[in-house]
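Thanks for sharing this one. Below are my notes, as numbered points, to read with the model open beside you.

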Amino acid sequence: MRNAVQWLLTPERRWIRIPTAIVFLIGGMLWFLPILGIWMLPVGIILLAEDVPLFRRLSASLLAWIERRHPAWLGLDKPAQ
């Protein structure tokens, strides 16, 4: 999976990354259909954040919110003492 993400995030793959992100955003808006889900929205936003400054700010805000509200999602929860 890491190799696929690294391949997609290289600058010359912009022509693949932007349409893929748009497809994820559209799929996220159709979350009520089988297979598609709301999980597709953040993936699309993060992919677009590589190329569009507006989405870069949006993804930073989204990740900050997750870090504050649900640190376990990112593996940041504190160990029990």
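1. Let's begin with a charged pair: the side chains of R14 and D51 form a salt bridge, with 3.7 Å from N to O. Please keep in mind that this is a predicted model. R14 sits in helix α2 while D51 sits in the loop between α3 and α4, so their pairing ties together parts that are 37 residues apart in sequence. As a general reminder, side chains of opposite charge can pair when their charged atoms come close.

2. How many salt bridges does a search of the whole structure find? The search gives two. Besides the R14 pair, the side chains of D51 and R17 meet in a salt bridge at 2.9 Å, N to O. Here too a loop residue is joined to a helix: D51 is in the loop between α3 and α4 and R17 is in helix α2, so this pair ties together parts that are 34 residues apart in sequence. R14, R17 and D51 are thus linked in a network of salt bridges.

3. Are the members of this network buried or exposed? D51 has a relative accessibility of 16%, and because buried means under 20%, D51 counts as buried. R17 is buried as well. R14, at 43% relative accessibility, counts as partly exposed.

4. A few more words on the surroundings of D51. The loop that holds D51 runs between α3, residues 40-49, and α4, residues 53-69. Leaving aside neighbours within four places in sequence, D51 is in contact with R14, R17, I18 and R56. The side chains of D51 and R17 are also joined by a polar contact of 2.9 Å.

5. Stepping back to the whole chain, there are four helices and zero strands. From the N terminus on, the order of elements is α-α-α-α. The C-alpha trace spans about 50 × 30 × 25 Å along its principal axes. Of the 81 residues, 21% count as buried. Among contacts between residues at least 6 apart in sequence, 19% join residues at least 24 apart.

6. Where is the largest nonpolar core? This core has eight residues in all: L8, A21, L25, I45, L47, L48, A49 and F55. The elements that give two or more residues to the core are α2 (14-29) and α3. Of these, α3 gives the most, with four residues. One core member worth clicking on is L48, which touches I18, A21, L25 and F55 when residues up to four places away in sequence are not counted.

7. Next, helix α4. This helix has 17 residues and reaches 24 Å from its first C-alpha to its last, close to the 24 Å expected at 1.5 Å a residue. Which residues of α4 are buried? They are F55, S59 and I66. Seen down the axis of α4, these buried residues fall within an arc of 40 degrees, so they line one face of the helix. In general, an α-helix has 3.6 residues a turn, so residues three or four places apart point the same way. On the other side of α4, L54, R57 and R68 are exposed. What covers the buried residues of α4 includes α3.

8. S59 is a polar residue to look at in helix α4. With a relative accessible area of 9%, S59 is buried. The S59 side chain reaches the backbone oxygen of R56 at 3.0 Å. Beyond its neighbours within four places in sequence, S59 is in contact with I45, I46 and A49.

9. Finally, a glycine: G37 lies in the loop between α2 and α3. G37 is buried, with a relative accessible area of 7%. The C-alpha atoms of G37 and G27 are separated by 6.8 Å, although these two residues are ten residues apart along the chain. Not counting residues up to four places away in sequence, G37 touches G27, G28 and W31.

Conventions
Residues are numbered from 1 along each chain as its sequence is written. This is a predicted model: local features need pLDDT of at least 70, side-chain atom pairs count only at pLDDT 80 or more; totals for chains, interfaces and linings use all residues. Side-chain values use heavy atoms; hydrogens and water are left out. Buried means under 20% relative accessible area, exposed over 50%, partly exposed in between (1.4 Å probe, protein chains only). A polar contact is a pair of N or O atoms within 3.5 Å; within protein, one must be able to donate a hydrogen and the other to accept it, and residues adjacent in sequence count only if both atoms are side-chain atoms. Contact means heavy atoms within 4.5 Å. The expected span of a helix is 1.5 Å times one less than its number of residues. The arc is that of the directions from the helix axis to the C-beta atoms. A nonpolar core is a set of buried Ala, Val, Leu, Ile, Met, Phe, Trp, Tyr and Cys residues joined through side-chain atoms within 4.5 Å. A salt bridge is a side-chain nitrogen of Lys or Arg within 4 Å of a carboxyl oxygen of Asp or Glu.
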